[in-house]
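Me: I'd like to learn how to read a structure like this one. Could you take me through it, feature by feature?

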Amino acid sequence: MANTSTLSKEDRKKAKRASRKKRKAEKPLKPREYARGSKKPKVKKLARGQAKR
């Protein structure tokens with residue numbers, strides 16, 4: 001991204017947004033091969049302590 005220190009705040013916001021959109025179009029994220037949340041550690045109810053009682 002170019003140097004934005006010379007631009008006004010509004011122009012800087014526009015330039016940053018444009019570069020983000022450009023980057024998203026050039027390098028899209030690949031779809032995940034696993035379900036969302038499936039890699040989170042599973043916590044038993046007893047391990048939560050006093051919170052669930």
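Reply: We'll go through the helix, its cover, the charges and some distances. One thing to keep in mind is that this is a predicted model.

Me: Let's start with the helix. How many residues does H1 have, and what does H1 reach from its first C-alpha to its last?

Reply: The general idea is to set the end-to-end reach against what the residue count would give at 1.5 Å a residue. Here, H1 runs over residues 9-26, which is 18 residues, and spans 26 Å, close to the expected 26 Å.

Me: And what about cover? What is the count of buried residues in H1?

Reply: For a residue to be called buried, its relative accessible area has to be under 20%. In H1 that count is 0 among the 18 residues, so the helix is hardly covered. Take Lys16, which lies in H1: its relative accessible area is 39%, so Lys16 is partly exposed.

Me: Which residues form the positive surface patch?

Reply: For a patch, you look for like charges at the surface that are joined within 9 Å. In this model Lys16, Arg17, Arg20, Lys21, Arg23 and Lys27 make up a positive one. Arg17, like Lys16, can be placed in helix H1. As a general rule, an α-helix has 3.6 residues a turn, so residues three or four places apart point the same way.

Me: How many salt bridges are there, then?

Reply: Here you want a side-chain nitrogen of Lys or Arg within 4 Å of a carboxyl oxygen of Asp or Glu. The count comes to 1. Lys30 and Glu33 are the partners, with 3.5 Å from N to O. Are they buried or exposed? Glu33 is exposed at 65% relative accessible area, and Lys30 is exposed too, at 62%.

Me: What about the segments on either side of H1?

Reply: Pick a residue on each side and check its accessibility. Asn3 sits in the segment before H1 and is exposed, at 61%. Pro41 belongs to the segment after H1 and is exposed as well, with 69%.

Me: Last one: how far apart are the C-alpha atoms of Asn3 and Lys44?

Reply: Put the distance in space beside the separation along the chain. Asn3 and Lys44 are 41 residues apart along the chain, and 51 Å separates their C-alpha atoms. For Pro41 and Leu7, 34 residues apart, the separation is 46 Å. Lys16 and Glu33 are 17 residues apart, with 31 Å between their C-alpha atoms.

Terms used. Residues numbered from 1 in each chain as written. Predicted model: local features only at pLDDT ≥ 70, side-chain atom pairs only at ≥ 80, totals over all residues. Heavy atoms only, no water. Helix = DSSP H or I, 4+ residues; strand = E, 2+ residues; numbered from the N terminus. Expected span 1.5 Å × (residues − 1). Buried < 20%, exposed > 50% of the residue type's maximum accessible area, 1.4 Å probe, protein only. Patch = residues over 30% accessible without salt bridge, like charges linked within 9 Å, V, L, I, M, F, W, Y side chains within 5 Å. Areas by Shrake-Rupley, 256 points an atom, 1.4 Å probe, with all protein chains shown as cover. Lys, Arg positive; Asp, Glu negative; His and termini not counted. Charge placed at Lys NZ, Arg CZ, Asp CG, Glu CD.
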